[in-house]
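Subject: Predicted model for your review

Dear colleague,

Please find below the structure I promised to pass on to you. My notes on what was found in it follow directly after.

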Amino acid sequence: MRLLRSTDLALRVLMRLAVAAGTTPTTRQVAADMDVPYTHAAKVVAELQHLGLVDARRGRGGGLALTERGRTASVGAVVRTFEGDGDVVECEGATPCPLNSGCRLRGALRRAQEAFFAALDPVTLSEIVADPTGPLLLGIARRPAGEGRG
């Protein structure tokens, strides 16, 4: 299973904010740190704010910060929210699968998808930013503007 770009970015934004150490980076700064378009980062941050995981303040002294809910969030819950409830394969789309009425594959794929989410449910944000990840994230955030990102 491959995550949507927005899911990947949401997790990376949360990770970046988890190691912010008292600073409140802006959405623009986080987008630059993650080497993604600002508009894409802004949409993801808006959804994270709507979910109560991120506090976003505008203006002078503003920026982004994790909420307490964000610090203790389950990675599985975040992934489920961003990925949605859709099936791994599209069986009933514009051209429905001819096997749809008697197929066992769809159920097997649904169980595999749920096992994937279930494996992520007990994982918290604080666990995924523990060493060595946290220091790496801080290094990314401290790169001078214009320095290439790899």
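Directly after helix 2 comes D35, a residue with a positive phi near 55 degrees. Please keep in mind that this and everything below refers to a predicted model.

Helix 2 itself covers residues 27-34. Its buried residues are T27, V30, A31, D33 and M34. These residues lie on the same side of helix 2, because they span an arc of only 160 degrees around the axis.

One member of that group, D33, is also part of a salt bridge. Its partner is R16, and the closest N and O atoms of the two are 2.9 Å apart. The pair connects distant parts of the chain, with D33 in helix 2 and R16 in helix 1, 17 residues apart. Are these two partners buried or exposed? D33 has a relative accessibility of 8% and therefore counts as buried. R16 is likewise buried, as its relative accessible area is 6%.

Overall fold

The protein chain contains eight helices and two strands. Read from the N terminus, the order of elements is α-α-α-β-β-α-α-α-α-α. The chain has 150 residues, and 30% of them count as buried. Among contacts with a separation of 6 or more, 67% are between residues 24 or more positions apart. The chain exposes about 9,300 Å², of which carbon and sulfur atoms supply 54%.

The two strands

Strand 1 (residues 54-57) and strand 2 (residues 63-66) run antiparallel and are joined by four bridges. One of the residues involved is R57, whose bridge partner in strand 2 is G63. The two strands form a hairpin, with five residues between them. Within the turn, G59 has a positive phi of about 85 degrees.

Salt bridges

In total, the structure holds six salt bridges. As a general point, side chains of opposite charge can pair when their charged atoms come close. Besides the pair described above, two further salt bridges deserve mention here.

The side chains of R80 and D121 meet in a salt bridge with an N to O distance of 2.5 Å. This pair also links distant parts of the chain: R80 lies in helix 5 (residues 75-83), while D121 lies in the loop between helix 6 (105-120) and helix 7 (125-128), 41 residues apart. R80 counts as partly exposed, at 26% relative accessibility. D121 is partly exposed as well, with a relative accessible area of 30%.

The side chains of R110 and E114 form another salt bridge, at 4.0 Å from N to O. Both residues belong to helix 6, where they are four residues apart, about one turn of the helix. R110 is partly exposed, with a relative accessibility of 28%. E114 has a relative accessible area of 34% and is therefore also partly exposed. Through salt bridges that share partners, R80, R110, E114 and D121 are joined into one network.

Residues brought together across the chain

Which residues does I128 touch, leaving aside those up to four places away in sequence? They are M15, V75, V123 and T133. I128 is located in helix 7 and counts as partly exposed, at 23% relative accessibility. The C-alpha atom of I128 is separated by 9.7 Å from that of L11, although the two residues are 117 residues apart along the chain.

A second example starts from D8, which is placed in helix 1. D8 has a relative accessibility of 35% and counts as partly exposed. Its C-alpha atom is separated by 8.4 Å from that of V79, and the two residues are 71 residues apart along the chain.

A surface patch

Finally, M1, V88 and V89 make a nonpolar surface patch of about 250 Å². M1 sits in the segment before helix 1 (5-18).

Yours sincerely

Technical notes: Residues numbered from 1 in each chain as written. Predicted model: local features only at pLDDT ≥ 70, side-chain atom pairs only at ≥ 80, totals over all residues. Heavy atoms only, no water. Buried < 20%, exposed > 50% of the residue type's maximum accessible area, 1.4 Å probe, protein only. Contact = heavy atoms within 4.5 Å. Areas by Shrake-Rupley, 256 points an atom, 1.4 Å probe, with all protein chains shown as cover. Patch = residues over 30% accessible without salt bridge, like charges linked within 9 Å, V, L, I, M, F, W, Y side chains within 5 Å. Arc of directions from axis to C-beta. Pairing = 2+ DSSP bridges.
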